[in-house]
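Me: Hey, can you walk me through this structure? I'm new to this, so plain words please.

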Amino acid sequence: SAASDVYKRQILSAETSVSDDTPVQLIESDICDVAIDNASVVVMNFTLQFVNKNQRQALIEKIYAGMREGGILVLSEKNSLSRRTLAAAKHGSPPRV
């Protein structure tokens, strides 16, 4: 398991919250630069809104490509998605953002 944040202070805060026996790697990096491979679950909490609008679709497609069949993306944002985008995601296509 891995968690990333572009801000060092967030990583340092997470380090104090994660116990030594928790199997998670904390990565200080831009989410666009993090490798995603064979993921069962990807969680993005209030992250996409900070990604350049021109890079959002590529990021979602990269995540989709790096997930296991049947994997899940949990995405929470302040922005809203269209019904068409949500329907596409429900049917197994990477959503258009």
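Reply: Sure, one term up front: buried means under 20% relative accessible area, exposed means over 50%, and partly exposed is in between (1.4 Å probe, protein chains only). Glu 28, for instance, is partly exposed, because its relative accessible area is 43%.

Me: Is there some fine print?

Reply: A bit. This is a predicted model, where local features need pLDDT of at least 70 and side-chain atom pairs count only at pLDDT 80 or more, while totals for chains, interfaces and linings use all residues. Residues are numbered from 1 along each chain as its sequence is written, and side-chain values use heavy atoms, with hydrogens and water left out.

Me: OK, what secondary structure does the chain have?

Reply: The chain has three helices and four strands. Going along the sequence, the pattern reads β-α-β-β-α-β-α. Helices (H or I, at least four residues) and strands (E, at least two) are DSSP runs, numbered from the N terminus.

Me: And what share of the residues is buried?

Reply: Of the 97 residues in the chain, 21% are buried. The chain exposes about 7200 Å², and carbon and sulfur atoms supply 49% of that. Those accessible areas come from the Shrake-Rupley method with a 1.4 Å probe; for residues, only the protein chains shown count as cover.

Me: Back to Glu 28. What does its side chain meet in a salt bridge?

Reply: Lys 8: the two side chains form a salt bridge at 3.7 Å, N to O. A salt bridge here is a side-chain nitrogen of Lys or Arg within 4 Å of a carboxyl oxygen of Asp or Glu. Glu 28 sits in strand E2 and Lys 8 in helix H1 (residues 8-17), so the pair ties together parts that are 20 residues apart in sequence. Lys 8 is partly exposed too, with a relative accessible area of 48%.

Me: How many salt bridges does the structure hold?

Reply: One.

Me: New topic: which residues of helix H2 are buried?

Reply: In H2 (residues 53-65), they are Arg 56, Gln 57, Leu 59, Ile 60 and Ile 63. They cover an arc of only 160 degrees around the axis, which puts them on the same side of H2. That arc is the one of the directions from the helix axis to the C-beta atoms. Over on the other side of H2, Asn 54 and Ala 65 are exposed.

Me: What covers the buried residues of H2?

Reply: The cover includes strand E3 (39-45) and strand E4 (67-76).

Me: And what caps the N-terminal end of H2?

Reply: Asn 52 does, with a side-chain oxygen 2.7 Å from the backbone nitrogen of Asn 54. For a polar contact, the pair of N or O atoms has to be within 3.5 Å; within protein, one must be able to donate a hydrogen and the other to accept it, and residues adjacent in sequence count only if both atoms are side-chain atoms.

Me: Let's look at E3. Is Met 44 buried or exposed?

Reply: Met 44, which is in strand E3, counts as buried because its relative accessibility is 2%. Leaving out residues up to four places away in sequence, Met 44 touches Leu 59, Ile 63, Leu 73, Val 74, Leu 75 and Ser 76. Touching means contact, with heavy atoms within 4.5 Å.

Me: Hang on, where does Val 74 lie?

Reply: In strand E4. Val 74 counts as partly exposed, because its relative accessibility is 36%. Together with Val 41, Val 43 and Ile 72, Val 74 makes a nonpolar surface patch of about 320 Å². E3 and E4 are the elements that give two or more residues to that patch. Patches are made of residues with over 30% relative accessible area and no salt bridge; like charges are joined within 9 Å, and nonpolar side chains (Val, Leu, Ile, Met, Phe, Trp, Tyr) within 5 Å.

Me: What about the loops? Where is Ser 29?

Reply: Ser 29 is in the loop between strand E2 (25-28) and E3. Ser 29 counts as buried because its relative accessibility is 16%. Not counting residues up to four places away in sequence, Ser 29 touches Ser 4, Asp 5, Val 6 and Val 34.

Me: Anything odd about the backbone there?

Reply: Asn 38 is in the loop between E2 and E3 as well, and its phi is near 60 degrees, a positive value in a residue other than glycine. Phe 46, in the loop between E3 and H2, has a positive phi of about 50 degrees although it is not a glycine.
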